[in-house]
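Q: Could you walk me through this model before I set anything up with it?

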Amino acid sequence: MNTSPTATGPSDVTDTGSLRDRMLGFVRERWDFVALVALAVAPLVVPALGGALGGQVTMLFIYCILALGLNVMVGYTGLVHLGIAAFFGIGAYLFAILTVPMYPFQMRFVTAAAVSALVTAGVGLTLGAPTLRLRGDYLAIVTLGFGEVVKVTLRNLEQITGGMKGLNPVPPPGAGLKIGGTDLGLAFAIDPRWFYYLALLTLAGVVVAMRRLENSRLGRAWVAVREDELAAEAMGVSATRVKLSAFAMSSAVAGLAGCLYAASLSTTADPNAYDFNRSIMVLCAVILGGLGSIPGTLLGVALLVGFDTVLAPWADSAIQQWNINPSGSSLLSFSGWRLAIFGLALILVMRYRPEGLVPSRRMAAELHEAH
Amino acid sequence: MVFFLQQCLIGLTNGALVAMVALGYTMVYGIIRLINFAHGDLIMLGACLALTLVSVLGMAAWTGTATWLGVALLVLLCGLFCGGLNVAVDRLVYRPLRNAPKLAPLVSAIGVSFIFMNLGLFWLGPADRSFPELLPATNLLAGEGLQFTAKDLLVIVVVVPLMIALSVLVKTTRLGKAMRAVSQDPTAAALVGIDVDRVIAATFFVGGFLGGAASVIYGLYINTIGFQMGFQNGLYAFTAAVLGGIGSIPGAVVGGLVIGLVRALSSAYVGERWAGAIVFAILIVILVFRPEGLLGRGTKEKV
């Protein structure tokens with residue numbers, strides 16, 4: 001029980017060896033710190049982050065937060081959740097309702113985000129409480145159904161949610177707040193690097209929180225319930241309460257990601273942004289990276305988002321440059337194969353590395369026990 | 001009253017179609033406890049084949065008996081195609097994962113569904129395609145005030161015999177007995193000499209065949225197909241299977257009919273755009289109060 005996986009691995013790597021080995025060892029052990037510093041410095045060095053690229057990387061951070069939220073349920077607690085996008089959407093819409101000019105609330109960013117995350121957690125609890133006694137597959141299907149219900153409701157309640165137009169304009173954080181003579185909201189609206197730092201900071205906070213949770217009493221209870229519910233119950237862990245807390249935590253983090261999403265796009269976008277496709281993509285990211293593994297989850301999201309925003313456009317333009325595809329057939333464009341490549345990746349990972357690319361130690365041990 | 005009856009009729013016809021698809025889910029789930037996410041997309045591929053066959057054979061010009069025979073041929077060919085494809089996928093993807101943790105085949109099924117969708121995208125193109133109206137739209141119940149056309153009749157004449165055939169297969173034949181045995185306990189079934197892998201393959205074939213047949217009817221009845229149709233229809237069908245009690249064959253039929261009725265009635269009385277949400281809300285409510293489904297047996301978790 002006490003040998004929970006921690007991010008700081010064995011320290012024997014750094015004991016001996018050349019400077020290069022020591023550097024590598026440091027990066028391996030403190031990947032989180034190195035990555036954080038690199039990402040924090042990047043906007044100062046890479047001017048492109050002040051443009052469209054900055055917005056894309058901000059989205060990447062937001063999806064990372066969403067995936068970490070999902071990881072609580074699917075990874076730690078072992079409950080298959082096929083509707084995380086619904087909670088992402090609930091968070092985004094709540095945040096919009098609390099901030100847009102057409103509603104009387106017009107709260108500050110932090111208050112609105114906190115309220116939306118809490119209410120989203122409440123929605124998660126409301127859905128979870130009656131459904132948690134369902135067996136695994138049934139729970140999966142209830143979350144899927146709930147996702148569809150939320151999407152349809154968001155689309156149809158036009159008076160409240162704006163229907164297909166969504167809610168906008170969502171004001172940037174700190175609108176009207178003056179720091180040293182400059183309007184903070186204006187700064188957010190003009191320079192994407194502000195959102196970049198906001199999302200990065202939130203992501204870092206979520207990572208730290210998740211890591212603390214992993215080794216807390218609650219985190220160990222989540223894993224215990226995943227491993228063997230009956231045994232956990234016999235040890236005095238209340239499976240229902242533990243699962244409910246996972247549900248609430250997942251929903252809250254997803255809701256928080258939704259707030260950032262709405263704020264950075266300054267609109268909730270249309271309800272189709274919160275459909276099954278998004279749920280399944282986030283789930284795929286968590287599974288590809290490694291269930292229950294924080295670095296794995298982050299890597300999974302980076303791979304999936306990177307595929308769409310970096311690799312696919314690059315390969316497509318390369319194909320055009322080499323003039324392989326003069327007729328413009330979708331069979332010969334790289335992005336035409338997007339779904340098949342995802343599908344194949346999922347199948348191959350499940351077959352040869354079911355614990356994911358960067359597995360948590362416990363998952364890896366468990367999955368290789370059978371062989 | 002006539003309006004209500006008409007909606008019920010529409011609901012039952014649609015429901016029969018949903019039930020056909022639901023059977024594919026429930027049979028596979030019953031035997032290997034896998035939610036076959038790719039089933040809806042398998043049916044989409046069946047519909048692609050049906051559309052291609054219709055245009056290659058020039059069936060739009062056929063009339064009378066030739067049309068009905070042509071439809072029978074389509075049902076057979078698409079059934080064989082989907083059944084064969086399902087068996088191939090089982091052999092290549094699911095079979096190596098028989099002893100893996102439960103999440104592995106589920107995620108692989110999602111992967112297969114992506115691949116199928118991509119194939120459908122190449123086959124049909126990104127836009128929805130219209131499926132030619134092969135059957136005359138004359139009302140067979142003229143004078144009653146109700147609308148019941150050859151298309152509706154088609155659904156009944158294909159679905160009902162296939163379902164009877166299926167229940168005969170499962171209840172009376174040796175293969176059916178083997179299927180029931182494997183679904184109860186694969187290890188014990190293997191111990192008494194049943195070739196479990198072959199029985200599972202047969203189940204995938206039967207489920208796929210029904211799906212292929214359903215895809216032809218879907219094309220002829222709904223008249224629009226697209227590469228994304230698999231997800232929505234699969235979702236309804238799976239809901240039907242769960243509603244009736246997943247793993248139970250009569251349950252899938254009842255669930256399908258209920259879903260069809262609920263959809264038709266809520267489209268008529270609440271509004272088309274809420275129909276989907278109502279179906280899933282009912283699903284959630286039923287699962288909360290009767291998790292084993294309408295006709296399913298409760299199972300005890302074993303230690």
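A: What follows takes up the basis of the model, each chain, some helix packing, one residue and the contact between the chains.

Q: What kind of model is this, and how is it numbered?

A: This is a predicted model, in which local features need pLDDT of at least 70 and side-chain atom pairs count only at pLDDT 80 or more, while totals for chains, interfaces and linings use all residues. Residues are numbered from 1 along each chain as its sequence is written, and chains are lettered from A and ligands numbered from 1 in the order in which they are written.

Q: How many helices and strands are there in chain A?

A: Chain A has 16 helices and 2 strands, where helices (H or I, at least four residues) and strands (E, at least two) are DSSP runs numbered from the N terminus. Its radius of gyration is 21 Å, close to the 21 Å that the globule rule gives for 371 residues, so chain A is as compact as a globular protein of that length; the radius is taken over C-alpha atoms, and the rule is 2.2 Å times the number of residues to the power 0.38. The C-alpha trace of chain A spans about 55 × 55 × 55 Å along its principal axes.

Q: And what share of chain A is buried?

A: Of its 371 residues, 46% count as buried, a label given if 20 or more other C-beta atoms, placed from the backbone, lie within 10 Å of the residue's own (12 or fewer is exposed, in between is partly exposed).

Q: Where is Leu167(A), and what is it in contact with?

A: Leu167(A) is found in the loop between helix H7 (158-161) and strand E1 (178-179) of chain A, and it counts as buried because it has 23 C-beta neighbours inside 10 Å. Leaving aside neighbours within four places in sequence, its contacts include Tyr93(A), Ile97(A), Val100(A) and Thr267(A), a contact being two C-beta atoms, placed from the backbone, within 7 Å.

Q: How do H9(A) and H12(A) cross?

A: The axes of helix H9 (residues 192-214) and helix H12 (residues 239-265) of chain A come within 11 Å and cross at roughly 175°, with axes fitted to C-alpha atoms over the stretch in contact and angles running from 0 to 180 degrees between N-to-C directions. That makes H9(A) roughly antiparallel to H12(A), since angles over 145 degrees count as roughly antiparallel, under 35 as roughly parallel, 65 to 115 as roughly perpendicular and the rest as oblique. The residues of this contact divide into 5 nonpolar, 2 polar and no charged; Ala, Val, Leu, Ile, Met, Phe, Trp, Tyr, Cys and Pro count as nonpolar, Asp, Glu, Lys and Arg as charged, and the others, Gly among them, as polar.

Q: Switching to chain B, what does it look like overall?

A: The secondary structure of chain B comes to 11 helices and 2 strands, and its C-alpha trace spans about 60 × 45 × 40 Å along the principal axes. Of the 303 residues of chain B, 51% count as buried.

Q: What about H3(B) and H8(B)?

A: The axes of helix H3 (residues 64-94) and helix H8 (residues 196-222) of chain B come within 6 Å and cross at roughly 140°, which makes H3(B) oblique to H8(B).

Q: Last one: how many residues does each chain put into the contact?

A: The contact takes 36 residues from chain B and 35 residues from chain A. On the chain B side, H4(B) gives the most, with 12 residues, and the residues of that side divide into 28 nonpolar, 6 polar and 2 charged.
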